[in-house]
Amino acid sequence: MAVPAIKSGELVSLQDLHPSSPFFKQGASLRITGKLQEYSVETAIARVVYGGGILKINTEHLRDLHIRVGSIYQFIGELVVLSDNEAILHARVGRNVDGIDLNLYHQSLQLVRQFQADHMKSHT
């Protein structure tokens with residue numbers, strides 16, 4: 001019996017993660033980046049923000065990640081969509097990326113998406 005492969009986290013900006021987005025689906029493997037606004041040690045729930053987007057992150061499976069409110073983090077994990085169209089990312093990877101230029105990062109994300117779209121068009 002084959003073991004299911006772990007999916008790579010698709011690069012998604014927080015402002016692109018909303019109920020009508022193609023990324024907003026149960027079990028989607030995502031990579032998000034944002035500023036840690038809030039963290040609860042008791043629940044292991046963090047909240048990251050960037051560009052008007054907000055997402056809760058379940059960090060219970062992350063070890064050796066020193067979490068600091070106000071720092072920039074990148075998380076990879078699976079999205080769980082709750083009944084009220086709220087979502088939480090169950091992180092399997094997390095890292096501090098303080099020093100990253102978030103504006104430049106998101107510009108490069110848009111360029112990658114444009115390249116992928118153009119590439120798909122040229123092969124159809």
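Where is D64 found? In this predicted model, D64 is found in the loop between strands β4 (53-58) and β5. The legends below begin with the whole chain and then turn to single residues.

**Figure 1. Overall fold of the protein chain, with 1 helix and 6 strands.** Read from the N terminus, the order of elements is β-β-β-β-β-β-α. The radius of gyration is 15 Å, close to the 14 Å given by the globule rule for 124 residues, so the protein chain is as compact as a globular protein of that length. The C-alpha trace spans about 50 × 45 × 30 Å along its principal axes. Among contacts between residues at least 6 apart in sequence, 55% join residues at least 24 apart.

**Figure 2. Surface and charges of the protein chain, whose accessible surface comes to about 8,000 Å².** Carbon and sulfur atoms account for 55% of this accessible surface. Of the 124 residues, 35% count as buried. The protein chain carries 12 positive and 12 negative charges, and the mean positions of the two sets are 4 Å apart.

**Figure 3. Surroundings of Q74 in strand β5 (residues 72-81).** Q74 has a relative accessible area of 5% and is therefore buried, the cut-off being under 20%. Its side chain takes part in polar contacts with two other side chains: that of R95, at 2.7 Å, and that of Y105, at 3.2 Å. Leaving aside residues up to four places away in sequence, Q74 touches R31, I32, T33, V93, G94, R95, V97 and Y105. R95 and Y105 thus appear both among the residues touched by Q74 and as its side-chain polar partners.

**Figure 4. A44 in the loop between β2 (29-40) and β3 (45-50).** A44 is not a glycine, yet its phi is positive, at about 60°. The relative accessibility of A44 is 11%, so this loop residue counts as buried under the 20% cut-off.

**Figure 5. D64 in the loop between β4 (53-58) and β5.** The phi of D64 is near 60°, a positive value in a residue other than glycine. Is D64 buried or exposed? With a relative accessible area of 77%, D64 is exposed, because the cut-off for that class is over 50%. A44 and D64 each have a positive phi, but A44 is buried, whereas D64 is exposed.

Technical notes:
Residues are numbered from 1 along each chain as its sequence is written. This is a predicted model: local features need pLDDT of at least 70, side-chain atom pairs count only at pLDDT 80 or more; totals for chains, interfaces and linings use all residues. Side-chain values use heavy atoms; hydrogens and water are left out. Helices (H or I, at least four residues) and strands (E, at least two) are DSSP runs, numbered from the N terminus. The radius of gyration is taken over C-alpha atoms; the globule rule is 2.2 Å times the number of residues to the power 0.38. Buried means under 20% relative accessible area, exposed over 50%, partly exposed in between (1.4 Å probe, protein chains only). Contact means heavy atoms within 4.5 Å. Accessible areas come from the Shrake-Rupley method with a 1.4 Å probe; for residues, only the protein chains shown count as cover. Lys and Arg count as positive and Asp and Glu as negative; His and the chain ends are not counted. The place of a charge is taken as NZ of Lys, CZ of Arg, CG of Asp or CD of Glu. A polar contact is a pair of N or O atoms within 3.5 Å; within protein, one must be able to donate a hydrogen and the other to accept it, and residues adjacent in sequence count only if both atoms are side-chain atoms.
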